[in-house]
Every structure is written in C-alpha cells, then in structure tokens.
Amino acid sequence: MKESQQNTTDFGYKTVAREEKASMVADVFHSVAAKYDIMNDLMSFGIHRLWKRQAIACSGVRKGHTVLDLAGGTGDLTAKFSQLVGDTGRVILGDINDSMLKVGRDKLRDLGLVSNIEYVQMNAEALPFPDNSIDVITIAFGLRNVTDKDAALRSMYRILKPGGRLLILEFSKTDSEALSKIYDFYSFNLLPTMGKLVANDSESYRYLAESIRMHPDQETLKGMMETAGFEQTSYQNMTGGIVALHRGFKY
Amino acid sequence: MINTLLTATAEHILNTILSLEPSVQASLSKVQHQVLAVEVRDWQQTIAVTFTGHSFMVFNNYQEHIDCHISASIDTLSQLKDPSQLTRLIRQGELDLEGNLHLAQAYSQIFSELDIDWAEHLSKYVGDGPAQLLVQQLRQAKQRTKQLDGVLKTTTAGLFQDELKVAIHPLEMAQFKAHTRELKQHAAVLEQRINQLLAR
C-alpha cells in the first residue's frame with residue numbers, strides 16, 4: 001500500500017502514476033498556451049494582474065539582481081523584473097513546457113524586452129543552476145503542477161544565494177464559507193464552459209479547478225517551505241484566500 | 001486589493017505622461033532604479049515609485065530598501081510641484097524627508113516642468129489645423145470658465161451677505177472668533193478663581 005502511494009500522485013482529482021503527471025500537465029499547457037493570457041484575464045476578471053503586482057512589490061528585486069521566474073509561462077512577471085534588474089542584472093524565464101516558453105518569448109520580444117532575459121526549459125525538481133547563484137526565485141501559479149513539490153522546494157533552496165528569497169504565488173484555501181461556495185460553483189460550472197467557448201478545451205480547465213483543490217493549504221505549504229530549509233517564512237492571503245503569496249528566505 | 005488597483009492606475013497615468021512628454025525620461029536618467037517612497041498622512045498609505053529607464057513602476061505595501069522617504073499630507077504634497085518649496089516645507093515641519101534629497105527634487109522638478117504639447121499629440125488623429133484650433137479653443141474656454149467662476153463667486157457672496165442676509169462677511173466671522181476666544185479666556189480665568197476659592 002505504502003509503495004503504491006509513493007508511486008502515484010494526484011492529477012486534479014484523479015490518481016496517476018508519478019512518471020505520468022509531468023507529461024499530462026504538459027499536455028494541458030500545450031493545449032492552452034496560445035490562449036493562456038486571454039483566458040487568465042477572462043477567468044480572473046483581470047485580478048491576476050493585481051496578484052502579480054503584489055508579488056513584485058514583495059520580491060525586493062533591484063538593479064543587478066539575478067532573478068529566476070520559474071514556471072514563468074507567458075512572462076508576465078519576467079517583463080516587470082527585466083526592467084527592475086536593468087542592464088547589469090538578468091532574468092531567467094524557466095518553464096517545463098516549451099509551448100509556453102515560445103509564447104512567452106514572442107510576447108516579451110514584442111514588448112522590446114530582449115537584452116537581459118534568458119529562456120530555459122527546466123524541471124523545477126532539478127534546477128540546472130549552481131548552488132548559491134540566484135537572488136530571487138518566483139513561482140506564480142506553477143507549484144501545484146509540480147509532481148514532487150518537496151524536491152522542487154529543496155532544489156530552489158539550493159540555488160538561492162544566502163540572503164535570497166523565494167516567492168510562491170498560488171491558489172489556496174479561502175476561510176469564508178460563502179465565498180468558498182461561490183468560488184466552487186464558478187470553478188466547476190462556469191470555468192470549464194468558458195474554457196470550452198474560448199480555448200475549445202473544457203478538460204484542461206476542469207483540471208485547473210481540481211488541481212487548485214488538491215494543492216496544500218497556506219499553513220501546509222509554509223511548513224513544507226520550512227522543511228526545505230527556508231527561514232522567516234510567511235504568507236499573505238489575497239482576495240479572501242483564493243490566492244496566497246508565500247515568502248521565505250535563505251540565510 | 002483596492003490600493004493595488006489604485007497604484008496600478010497611478011502607474012498607468014505616469015507611463016502615459018512619459019509617452020506624451022519624452023523629456024521626462026532624460027530628466028530622470030540620473031535617478032534611474034532609485035526608489036522614492038511617499039507616505040500620504042491623510043490616507044496612512046505609503047506609495048513607492050521607481051523609474052526603470054523605460055517606464056515607471058508604482059507599488060503600495062512596499063517593504064524593501066528605499067532611497068528617499070517623504071511623509072506629508074496631501075495638501076503639502078500638492079505644493080511640491082514647485083521644487084523651491086521643498087526646503088521651506090521641511091523647515092516648517094510639514095514634510096519629513098529621509099534619504100536622498102536629490103531624488104525628491106528630481107521628481108518634483110519633472111512635475112513643475114511638465115508641459116505636454118497636446119496639439120502635437122492630437123494632430124496625429126485630426127490633423128495639424130483642427131488640433132491647434134481645438135487646443136486653442138479649450139485654453140480660451142478654460143480661461144473664460146475661470147473668469148466666470150470668479151464673477152459667480154463674488155455675486156453669490158454679495159447676494160447672501162448683503163441682500164438676503166443669510167451669510168456673514170468674513171470680517172464679521174473673524175470678529176466673532178476673536179470675541180469667542182476672549183470669552184474662553186475669561187471663562188478659564190473665572191474657572192481658575194473658583195477653583196482657588198474652593199481650595200481654601
């Protein structure tokens with residue numbers, strides 16, 4: 001029984017073999033990459049931009065920093081970080097999915113942001129960087145898709161410079177019962193329909209809603225960060241806890 | 001979230017100004033990547049602004065390293081459009097400033113020198129002639145509204161004070177205030193005397 005638990009993981013509400021999750025998540029994002037930005041705006045009524053702004057305000061990114069925007073997708077955070085780090089810094093947009101990276105690269109090039117951005121396809125569980133080499137790591141709406149979250153957090157801790165910080169922006173659990181009911185109705189009824197109409201793909205958006213429910217809550221994630229070695233960990237809830245921003249430091 | 005939305009709007013406005021008046025970019029080139037935090041005392045909010053060389057970024061709830069911190073009420077902040085007022089306001093204690101003074105002066109200066117050529121920007125859409133005419137008409141209309149506003153204020157004040165006698169003249173108000181102050185002082189003296197008598 002124990003062995004079977006170790007060999008399987010969640011994929012939304014389904015249980016799948018661990019080695020299958022990455023490719024199944026990849027399929028979801030290959031499918032939604034082209035319409036990713038427009039769907040983000042539609043699904044969150046544009047509020048995702050405010051969540052990301054808050055993450056940038058808490059990131060402490062300054063001129064000359066090296067920033068890793070993990071699971072950076074279509075590069076919303078990278079675009080801002082690229083300006084904040086200036087010519088002497090660099091931003092690495094990392095994603096496991098090449099479709100998302102391509103969409104991100106095209107978008108950032110169209111914005112004229114080219115000089116200090118690198119695009120690297122990578123797995124968050126085994127980050128291809130030397131120890132103590134990154135100032136700030138952000139992972140926005142990406143951690144819940146990672147198969148082994150503990151390994152990913154350990155890997156992030158390893159590559160952070162002493163004094164560096166990790167920011168995790170992710171869907172979480174809301175305290176309000178009324179909000180929770182509205183949110184559930186919206187996620188399981190309206191969201192897949194919107195996905196069907198705009199991106200012609202209701203299954204991917206059903207996975208999105210399910211994966212959010214399977215993701216660890218605020219306190220659990222904070223504990224996981226501490227187990228990985230992070231110090232001064234804290235989180236702030238946004239929009240009633242629908243989204244939480246976790247922050248941890250390496251000393 | 002509302003505050004984040006407001007700062008996002010402020011950022012959008014600043015970046016629009018930047019696109020309309022490219023000289024701002026040159027004026028701020030020396031203070032690129034430095035963070036100016038403005039604490040608005042009336043709202044108990046701190047807003048941080050930084051210029052990255054291409055655009056402005058505005059944050060609320062900013063807890064990181066700040067190069068210059070200004071704390072003042074909204075009335076005082078509006079006076080900062082004139083950079084020469086900065087030192088006077090600090091001396092009078094209406095404004096607290098910590099950090100790099102040049103950063104505050106640089107931002108103050110760009111707003112005092114802001115002179116957007118509206119006709120130039122409008123001409124892209126409607127052509128040179130109509131754009132110039134429109135801007136001229138708007139300027140005249142603004143001037144006329146100002147004049148009209150002055151006349152209206154004087155007439156209304158005259159009507160209420162002299163004709164209808166429902167409002168008092170500012171001088172009467174000042175006299176009333178002086179009387180009230182005097183009365184307050186008398187009352188305080190009397191109170192002190194009563195207390196002394198009671199204490200015996």
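Helices (at least four residues) and strands (at least two) are DSSP runs, numbered from the N terminus. The model shown in every view is predicted.

**View 1. The loop around A:Thr74, a position annotated in UniProt.** A:Thr74 lies in the loop of chain A that runs between strand E3 (66-70) and helix H5 (76-85). An unreviewed UniProt entry places the feature "binding site" at A:Thr74, together with A:Asp95, A:Asn123 and A:Ala124. Of these residues, A:Thr74 is included in the lining of the second largest cavity. Because its relative accessible area is 2%, under the 20% limit, A:Thr74 is classed as buried. Setting aside residues up to four places away in sequence, A:Thr74 touches A:Tyr36, A:Asp37, A:Met100, A:Val103, A:Gly104 and A:Lys107.

**View 2. A:Asn123, another position of the UniProt "binding site" feature.** A:Asn123 is placed in the chain A loop between strand E5 (117-121) and strand E6 (134-140). With a relative accessibility of 34%, A:Asn123 counts as partly exposed.

**View 3. A salt-bridge network in chain A.** The residues linked in this network are A:Lys52, A:Asp76 and A:Lys107. A:Lys107 is also among the residues that A:Thr74 touches. Over all chains, the count of salt bridges comes to 17.

**View 4. The salt bridge between A:Arg53 and B:Glu11.** The two side chains meet with an N to O distance of 2.8 Å. This pair crosses between chains: A:Arg53 belongs to helix H4 (residues 47-59) of chain A, and B:Glu11 to helix H1 (residues 2-20) of chain B. A:Arg53 counts as buried at 10% relative accessibility, and B:Glu11 is likewise buried, with a relative accessible area of 6%. Side chains of opposite charge can pair when their charged atoms come close.

**View 5. The salt bridge between A:Arg247 and B:Glu64.** The closest N and O atoms of this pair are 3.4 Å apart. Here too the pair crosses between chains, from A:Arg247 in strand E9 (residues 243-249) of chain A to B:Glu64 in the loop between strand E3 (56-60) and strand E4 (68-72) of chain B. A:Arg247 has a relative accessibility of 16% and counts as buried. B:Glu64 is buried as well, its relative accessible area being 13%.

**View 6. A salt bridge within helix H8 of chain A, formed by A:Glu177 and A:Lys181.** Both residues lie in this helix (residues 177-199), four residues apart, or about one turn of the helix. Their closest N and O atoms are separated by 3.7 Å. A:Glu177 is exposed, with a relative accessible area of 59%, and A:Lys181 counts as exposed at 56% relative accessibility.

**View 7. The surroundings of A:Thr9 in strand E1 of chain A.** Strand E1 spans residues 8-11. A:Thr9 is buried, with a relative accessible area of 10%. Apart from neighbours within four places in sequence, A:Thr9 is in contact with A:Lys14, A:Thr15, A:Val16, A:Ala17, A:Arg18, A:Lys21 and A:Thr147. A:Asp131 is 122 residues from A:Thr9 along the chain, and 29 Å separate their C-alpha atoms.

**View 8. The domains of chain B.** The domain assignment divides chain B into domain 1 (2-112) and domain 2 (118-199). The centres of these domains, taken over C-alpha atoms, are 29 Å apart.

Notes
Residues numbered from 1 in each chain as written. Chains lettered and ligands numbered in written order. Predicted model: local features only at pLDDT ≥ 70, side-chain atom pairs only at ≥ 80, totals over all residues. Heavy atoms only, no water. Domains from an automatic or database assignment. UniProt positions renumbered as here; feature names shortened; annotations may be inferred. 1 Å grid on protein atoms, 1.4 Å probe; cavity = no way out; pocket = protein on both sides within 12 Å on 5 of 7 lines; lining within 4 Å. Buried < 20%, exposed > 50% of the residue type's maximum accessible area, 1.4 Å probe, protein only. Contact = heavy atoms within 4.5 Å. Salt bridge = Lys/Arg side-chain N within 4 Å of Asp/Glu carboxyl O.
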